[in-house]
Amino acid sequence: MRVRRAVALAFVTLVACASTAMVGGTASAGVTERITDYRSEVTIEHDGTIEVHETISYDFGVVPHHGIYRDVPVRTDQSGKDGYDRVYPLDVVSVAASEGTPAEYTVEDQGDDRRIKIGDPDVTITGEHVYDITYRVRGAMNAFADHDELVWNAVGAEWSVPIEQATAVVRAPADIQQVLCTTGPVGSFSPCASATSSGAEATFGQAQLAPYDAMTFSIAIPKGAVVPSPTPILEERFDFASAFRVTPATGGISGGILALFAVLAGLLVWKFGRDRRYRGSAVDAAYGPGDATDGGDDEVRAPLREAETPVEFEPPDDLRPGELGTLIDFEANPLDITATIIDLAVRGYLKIEELDKAWYQRKHDWLLTKLPKEGELHRYERTLYDGLFADGDQVKLSDLHNKFAERMTKVREQLMDDAMSKGWFARKPGTVKALYGILGVVVLVAGVGLTILLASETHAALLGVPVIIGGILLLIAARWMPHRTAKGYATLRHTLGFKRFIDESEKRRAEFAERKNIFSEYLPYAVVFGATEKWAKAFADLGDAAPDTSSWYVSQHAFNYLVFSSAIDGFAVTSAGTLTSAPSSTGSSGFSGGGFSGGGGGGGGGGSW
């Protein structure tokens, strides 16, 4: 601050010198701004309120201006008490001006100052004009054991223009006991040119104040002259640390609120997020009692842990891999769709041909060829099949990039509709997640709003934090809220038994010999279960003749189980990304033009008005 003032003082002095030279060595020519006379009359009232009447003769020189503004500090951190500011409530009583001088004014807060802005934005003036400002201030008096005291800046240290003459007259409700006056930059102890008192009135004066010089007086009056005894007005300073102050009350209540939300989220998952199952033994859970009806008294909530499902050697109810994938994770995801493509190929509806990778390509491409087989397909399979070959009987997988996303969305919706038609879920899992997710967002936003409100007004902002955490807990809990019906749970038990067969395929080699083409037939299920490599490795270790996959998959290399499984995984991953890709939207960046001055928010400036 002092450096800034010193620079400003040097600049003003330089301008003044230049102006003096231009007008023949006299500063009175009115080229630069200055205050020719600054008079302040301060009246101390019996209740300790002070009324200040300032008469400012301001010479604008030859440069047109609208008027002046007067900044009066109304808040300071010099309160003597940590965490508190001393405030000086100020009310403007009147503003007047000399003839021909616009006297309209506005009052606004500028940081720790109250600004009185005088003038007409549509009118400019030059030369010398006189302004009369009257305002009242509370909380300015200080109390001591043997006297009361007023320390007041008759001229503040923020005037950027020189002041030729400053005078202050103070009237007290009792005889003034002692006076003191200092002048100069902030922190100066230089005495004023004059400081006298007579009875209940004191007068102070100083000539030739440089820019950013102040004139401060102190007067002492007897105890009892001001009733009640003066007391500084303090306001607690709100900052981040104090707003989130931990006390036994805020800490205890916050902990209780957090525990409440944790219990609430747990209860929601426990009560509504658990699968239903048929009442009875593990066999009943997998098959249902003979007279069971969905949704009746025969349904109970499934335990968190069920006995391990026996191995099953076939997919339940001839369900397709995409259907089982949807049942397992409550979602018709892209992997379920790519497994369905492989399943359609195995069943003879299309052929997948691996293309040679050119030296400049980072990954493989595949050619899909439509085969003439006719047969009944599920609705989602038919939509997928027709969507792949919408532009012809052959298509490269890479050619579907950014073109298939809309069709992919439709296929996924129909696959979920298929699961709903089978009665596996009471409500669509996506809808259930969204509803509880919205609840979590509402609580989260409410917590943020509550925290901001409490932080701005109190020291109890900590009470809003557990509400925010509660919203996050509900958002996390939303993923566990979908649940399966008893029928869905029963099918899941069979599905997990079949998944054990795929996962433990190395232990089940004896069963492979009994099934022709079992490797290709169950490969799409291994893709859904994430066990492609395990499935291939089990057959590789048998040492039998390699299966003929040429009817549905054409490779550029001799068949090898592990290489083949890697290629299938590569196809699944690549196709999942390709079929869900969509063209990106366009927009502009703040960095696109390199950035330009004034192009962003904030900033601003100030100066004479």
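User: In which strand does Arg 86 lie?
Analyst: This is a predicted model, with pLDDT of at least 70 for local features, 80 or more for side-chain atom pairs, and all residues in totals for chains, interfaces and linings. Residues are numbered from 1 along each chain as its sequence is written, and side-chain values use heavy atoms, without hydrogens or water. The strand that holds Arg 86 covers residues 84–87 (strands: DSSP runs of E, at least two residues; helices: H or I, at least four; both numbered from the N terminus). Its name is E5.

User: Which side chain of opposite charge is nearest to Arg 86, and how far away is it?
Analyst: Arg 86 is buried (under 20% relative accessible area with a 1.4 Å probe, protein chains only; exposed is over 50%, partly exposed in between). Arg 86 nevertheless has no salt bridge (a side-chain nitrogen of Lys or Arg within 4 Å of a carboxyl oxygen of Asp or Glu). The nearest side chain of opposite charge (Lys and Arg positive, Asp and Glu negative; His and chain ends not counted) belongs to Glu 149, at 9.0 Å.

User: How many residues of helix H7 are buried?
Analyst: Helix H7 spans residues 379–388 and is mostly covered. Its buried residues include Tyr 380, Glu 381 and Thr 383, and Leu 384, Tyr 385, Gly 387 and Leu 388 are also among them. Of the 10 residues in H7, the number buried is seven.

User: Why is Ile 219 called buried, and what is its relative accessible area?
Analyst: Ile 219 is found in strand E17, which runs over residues 214–222. Ile 219 counts as buried because its relative accessible area is 2%.

User: How far apart in space are Ile 219 and Trp 152?
Analyst: In sequence, Ile 219 and Trp 152 are separated by 67 residues. From C-alpha to C-alpha, the distance between Ile 219 and Trp 152 is 8.9 Å.

User: Which two residues does a cis peptide bond join?
Analyst: Most peptide bonds are trans. In the loop between E17 and strand E18 (233–236) lies Pro 228. The cis bond there has an omega of about -5° and joins Val 227 and Pro 228.

User: Is Asp 317 buried or exposed?
Analyst: Asp 317 stands in the loop between strand E20 (299–301) and helix H5 (321–329). Its phi is near 55°, a positive value in a residue other than glycine. Because its relative accessible area is 65%, Asp 317 is exposed.

User: What is the relative accessibility of Asn 402?
Analyst: Asn 402 is placed in the loop between strand E23 (394–396) and helix H8 (405–421). Although Asn 402 is not a glycine, its phi is positive, at about 65°. Asn 402 counts as partly exposed because its relative accessibility is 31%.
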